[in-house]
Amino acid sequence: MKNQEHRPKIIVTGGAGFIGSHTVVELWNVGYEPIIVDNFSNSQPWIFDRIKRLTSKGLQCFHIDCCDEEKMEQLFLKLGQIIGIIHFAALKSVNESIEQPEMYYKNNLNSLQTIINLKEKFNIPDLVFSSSATVYGAAEQLPVTEDCNLKPATSPYGETKQLGEKMIREQLETGAIILRYFNPVGAHPSGLIGELPIGVPQNLIPYLTQTAIGQRDSLKVFGTDYNTQDGTCIRDYIHVLDLAKAHIAALTRLLSNRKTDVYNIGTGEGHSVLEVINTFEKVSGIDLRVKYTNRRAGDIESIYADCSKASLTLKWDLKYTLGDALKHAWQWEKGLHETKAEAA
Ligand code: UFG
């Protein structure tokens, strides 16, 4: 294990969030010094204590909003040589973005512009940017490849991802990798870090685990009349640690090839909502209370990734199955429940 002094420094914006926290742990494990910058708008300070337990007591975390260019610049000056930035910090709720579009455009685009400006100003070689499968909309072909046409965004959130990609391509011909995430799920196998949804979860897995623990009455399956094998929607669910490792593979790729590029990061396999429910019931031994309801507005029928570009070029591959991801998500939910019970 390297001493803190000899580790190359990587800034991780949004490093206290769901994907960010897992990436910080993986960066540490392979010998980097991840430095977290987070405004804690979608995380809790105790998550940082957990991250430190998985890495080092000396890990640094700065409570700064990435849109604040002046504060960010002061931080970069103070930190000295930084070799890369992974930019996770962004608002990510589709519904909220429809209700408050201006907040999404301002936050997600201004923070990215700040990061691009600082990358240029401080000559920081590498940037990894979080994009999303949402840019494909209802994809023109399945599995979807990186060169498929992008569809007009159906939410301001989705539009900020498309515009973000465009900003990077226009301003950074070299030194950036855009990762298009499919559906990140699961939690750290230690049970120490995982997803912390604010309020009622919109995504399937946190809603499912909250139903299993008894916090929600039942899990609603949104639509059973899709043109799929069992009538429910198909998605590509990827374990958050496999996703975290893709960021490290991207940093490694930039060492040998500086061209700005884009990669799908999923598993290459689609699973229906009913398959997810069945797999969860199998790994947890719990019978979920399920209600079948109407389709959710805006949902697309089916999407899953062709990940051969990432697998061949980034030399990145998967370690975990959907069953592992659901087992870890369940372990995390149970741990959260125990923490809340102790605090009460
Ligand atoms: N679903 C349910 N019940 C729920 C929640 C979800 O049946 O309570 C279904 C949805 O209808 C969908 C599937 O489970 O078929 C997955 O839904 P999620 O909300 O978990 O994920 P989405 O694919 O809708 O959204 C994800 C990301 C978004 C991103 C979008 C498109 O969370 O950030 O993919 O790429 F914009």
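This note sets out numbered points on a predicted model, beginning with the ligand site and moving on to individual helices, strands and loops.

1. The ligand and its nearest residues. The ligand is surrounded by 20 residues, and those that come nearest are L204, K220, R235, R296 and D299. By class, this shell is made up of 11 nonpolar, five polar and four charged residues.

2. Polar contacts to the ligand. Oxygen atoms of the ligand meet the protein backbone at two of the places listed here: a backbone N or O atom of L204 lies at 2.8 Å, and a backbone N or O atom of T134 lies at 2.9 Å. R296 takes part through its side chain, where an N or O atom is 2.9 Å from an oxygen atom of the ligand. On its own the ligand has 690 Å² of accessible area, and the protein covers 87% of it.

3. Elements that build the shell. Which elements each supply at least two residues of the shell around the ligand? They are helix α7, residues 204-213, and strand β8, residues 219-222. The most is given by β8, with four residues.

4. Helix α7. L204, already named for its backbone contact with the ligand, is one of the buried residues of α7. The helix is mostly covered, with 10 of its 10 residues buried. Besides L204, the list includes P206, Y207, Q210 and I213. What do the buried residues of α7 pack against? Their partners are the strands β7 (183-185), β8 and β10 (237-239), together with the helices α9 (273-284) and α11 (322-343). Strand β8 therefore appears twice in this account, as a packing partner of α7 and as a contributor to the ligand shell. Just after the helix, G214 takes a positive phi of about 100°.

5. Strands β5 and β6. Strand β6 spans residues 176-181, and six of its six residues are buried. In a regular strand the side chains alternate between the two faces of the sheet. In β6 both faces are covered: A176, I178 and R180 are buried on one side, and I177, L179 and Y181 are buried on the other. Strand β5, residues 126-132, runs parallel to β6 and is joined to it by six bridges. Within this pairing, S131 stands opposite R180.

6. T114 in helix α5. Is T114, which has 3% relative accessibility, buried or exposed? T114 counts as buried because its value falls below the 20% limit. The residue lies in helix α5, residues 101-121. A polar atom of the T114 side chain lies 3.3 Å from the backbone oxygen of C66. Leaving aside neighbours within four places in sequence, T114 is in contact with C66, C67, E69 and M72; C66 thus supplies both the polar partner and one of these contacts.

7. K52 in helix α2. K52 belongs to helix α2, residues 45-54. With a relative accessibility of 25%, K52 counts as partly exposed, since that class covers values between 20% and 50%. When residues up to four places away in sequence are not counted, K52 touches K57 and L59. The C-alpha atoms of K52 and V24 are separated by 9.8 Å, the two residues being 28 apart along the chain.

8. Loop residues with positive phi. Most residues other than glycine have a negative phi, and most peptide bonds are trans. Two residues other than glycine have a positive value here: N123, with phi near 55°, and K315, with phi near 50°. N123 is found in the loop between α5 and β5, and K315 in the loop between α10 (308-313) and α11. N123 counts as exposed at 66% relative accessibility, and K315 is likewise exposed, with a relative accessible area of 68%.

9. A cis peptide bond. Where is the cis peptide bond involving P143? The bond joins L142 and P143, and its omega is about -10°. P143 has its place in the loop between β5 and α6 (156-171).

How values were computed:
Residues are numbered from 1 along each chain as its sequence is written. This is a predicted model: local features need pLDDT of at least 70, side-chain atom pairs count only at pLDDT 80 or more; totals for chains, interfaces and linings use all residues. Side-chain values use heavy atoms; hydrogens and water are left out. A residue is near a molecule or strand if one of its heavy atoms lies within 4 Å of it. A polar contact is a pair of N or O atoms within 3.5 Å; within protein, one must be able to donate a hydrogen and the other to accept it, and residues adjacent in sequence count only if both atoms are side-chain atoms. Accessible areas come from the Shrake-Rupley method with a 1.4 Å probe; for residues, only the protein chains shown count as cover. Ala, Val, Leu, Ile, Met, Phe, Trp, Tyr, Cys and Pro count as nonpolar, Asp, Glu, Lys and Arg as charged, and the others, Gly among them, as polar. Buried means under 20% relative accessible area, exposed over 50%, partly exposed in between (1.4 Å probe, protein chains only). Contact means heavy atoms within 4.5 Å. Two strands pair if DSSP finds at least two bridges between them.
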